[in-house]
Amino acid sequence: MNDMYGKGILKGLGVSLKRFVETYLDDLTWFGKRYRTDAGIAHRASKNARGIFTVQYPEEKIPVPEEFRFVPFLVYDEGPNGEKNLRCTSCGICAKVCPPQCIWIVRSTDPATGRPVPDPAEFMIDADICMNCGLCAEYCPFDAIKMDHDYELASGKRNVYNKERLSKPALYYESIRPLNAGRENAFRAAKVAAHAGLSE
Ligand code: SF4
Ligand code: SF4
């Protein structure tokens, strides 16, 4: 009972006091450089940050970790003449698994035969409904849709993004998720090598 009413409260107050003191210690250690400098931002984003601090957004932005997820984008590989070759085959798996059903895909068809072609004629995501769960990216068999890091999407209108708006180069994906992209590129390269070995 004593523990319940005495020690616990003191322990909690001790944590608050420690944070309070550390705030000023870190301010003194980083005198004048804790805010609005790249080093200060990096320090506050790290596990070495002590005490309480604010992020002076939008002047300051704390870097997001690689696995941070925001509204997805479509990855394209650039062709030799700058063509945007979307990886998407319009298989529809992402639209099926999307919990709030905010993905719409229109398949292309061959004008001569009327048969479907593995290329989306249109691809839309309602960014106002997307809950950033990342399931579309998890389930896509072609690494064609990935979660973005760009979280500054506020606008005064409805945010339904079309194929044009959603498309971003593979190099952008590699820049925001280098570890993931590296693993996937290595896996694809191994698959190609295995195929080449089989066909020899
Ligand atoms: S993004 Fe991926 S899962 Fe979605 S339709 Fe395209 S290829 Fe299929
Ligand atoms: S992140 Fe989730 S909610 Fe958003 S489009 Fe993908 S599956 Fe749908």
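This is a walk through a predicted model, stop by stop, with what to select at each one.

**The sheet**

Start with residues 103-109 and 116-126, which are strand 3 and strand 4. The two run antiparallel and are joined by 7 bridges. To check the register, pick valine 106: its bridge partner in strand 4 is glutamate 122. Then select the turn of this hairpin, where 6 residues lie between the strands. Glycine 114 has a positive phi there, near 80°.

Add residues 160-161, which make up strand 6. Strand 6 runs antiparallel to strand 4, and 2 bridges join them. Isoleucine 125 can serve as the marker here, with tyrosine 161 as its bridge partner in strand 6. With strand 6 shown, the open sheet has 3 strands in the order 3-4-6, with antiparallel pairing. Strand 3 and strand 6 each have a single partner strand, so each stands at an edge with one side left without a neighbour in the sheet.

**The nonpolar core**

Next, select Val71, Ile103, Phe123, Ile125 and Ile145. These residues have the most contacts inside the largest nonpolar core, which has 23 residues. Which elements supply at least two residues of this core? They are strand 1 (70-78), helix 3 (93-97), strand 4, helix 4 and strand 5. Strand 1 gives the most, with 3 residues. As a general point, nonpolar side chains tend to be buried together in soluble globular proteins.

**The two ligands**

Centre the view on ligand 1 and show its surroundings. The shell holds 13 residues, and the closest are Cys88, Cys91, Gly92, Cys94 and Cys140. Coloured by class, the shell around ligand 1 shows 10 nonpolar, 3 polar and no charged residues.

Move on to ligand 2, which has 13 residues around it. Cys98, Cys130, Cys133, Gly134 and Cys136 come nearest to ligand 2. The shell of ligand 2 divides into 11 nonpolar, 2 polar and no charged residues.

**The pockets**

For the largest pocket, select Glu67, Ala137, Glu138, Lys146 and Asn180. The space in this pocket is about 290 Å³. Those five selected residues are the closest to its centre among the 14 that line it. Helix 4 (135-139), strand 5 (145-148) and helix 7 (178-199) each give two or more residues to the lining. By class, the lining of the largest pocket comprises 5 nonpolar, 2 polar and 7 charged residues.

The second largest pocket has a volume of about 170 Å³. To outline it, select Arg87, Pro141, Phe142, Asp143, Glu184, Phe187, Arg188 and Lys191, which line it. This lining divides into 3 nonpolar, no polar and 5 charged residues.

**Backbone exceptions**

Most residues other than glycine have a negative phi, and most peptide bonds are trans. The last three stops depart from that pattern.

Keep aspartate 143 selected from the second largest pocket, whose lining includes it. Aspartate 143 lies in the loop between helix 4 and strand 5. Its phi is positive, about 50°, although aspartate 143 is not a glycine. Is this aspartate buried or exposed? Aspartate 143 has a relative accessible area of 16%, and the cut-off for buried is under 20%, so aspartate 143 counts as buried.

Go next to arginine 36, in the loop between helix 1 (2-29) and helix 2. Arginine 36 also has a positive phi, near 60°, and is a residue other than glycine. Arginine 36 has 54% relative accessibility; exposed means over 50%, so arginine 36 counts as exposed.

Finish at tyrosine 57 and proline 58, and display the peptide bond that joins them. The bond is cis, with omega about 10°. Proline 58 sits in the loop between helix 2 (38-45) and strand 1.

Notes:
Residues numbered from 1 in each chain as written. Chains lettered and ligands numbered in written order. Predicted model: local features only at pLDDT ≥ 70, side-chain atom pairs only at ≥ 80, totals over all residues. Heavy atoms only, no water. Pairing = 2+ DSSP bridges. Helix = DSSP H or I, 4+ residues; strand = E, 2+ residues; numbered from the N terminus. Near = heavy atom within 4 Å. Nonpolar A, V, L, I, M, F, W, Y, C, P; charged D, E, K, R; others polar. 1 Å grid on protein atoms, 1.4 Å probe; cavity = no way out; pocket = protein on both sides within 12 Å on 5 of 7 lines; lining within 4 Å. Points joined across faces, edges and corners; volume = space filled by probe spheres on them. Core = buried A, V, L, I, M, F, W, Y, C linked by side-chain atoms within 4.5 Å. Buried < 20%, exposed > 50% of the residue type's maximum accessible area, 1.4 Å probe, protein only.
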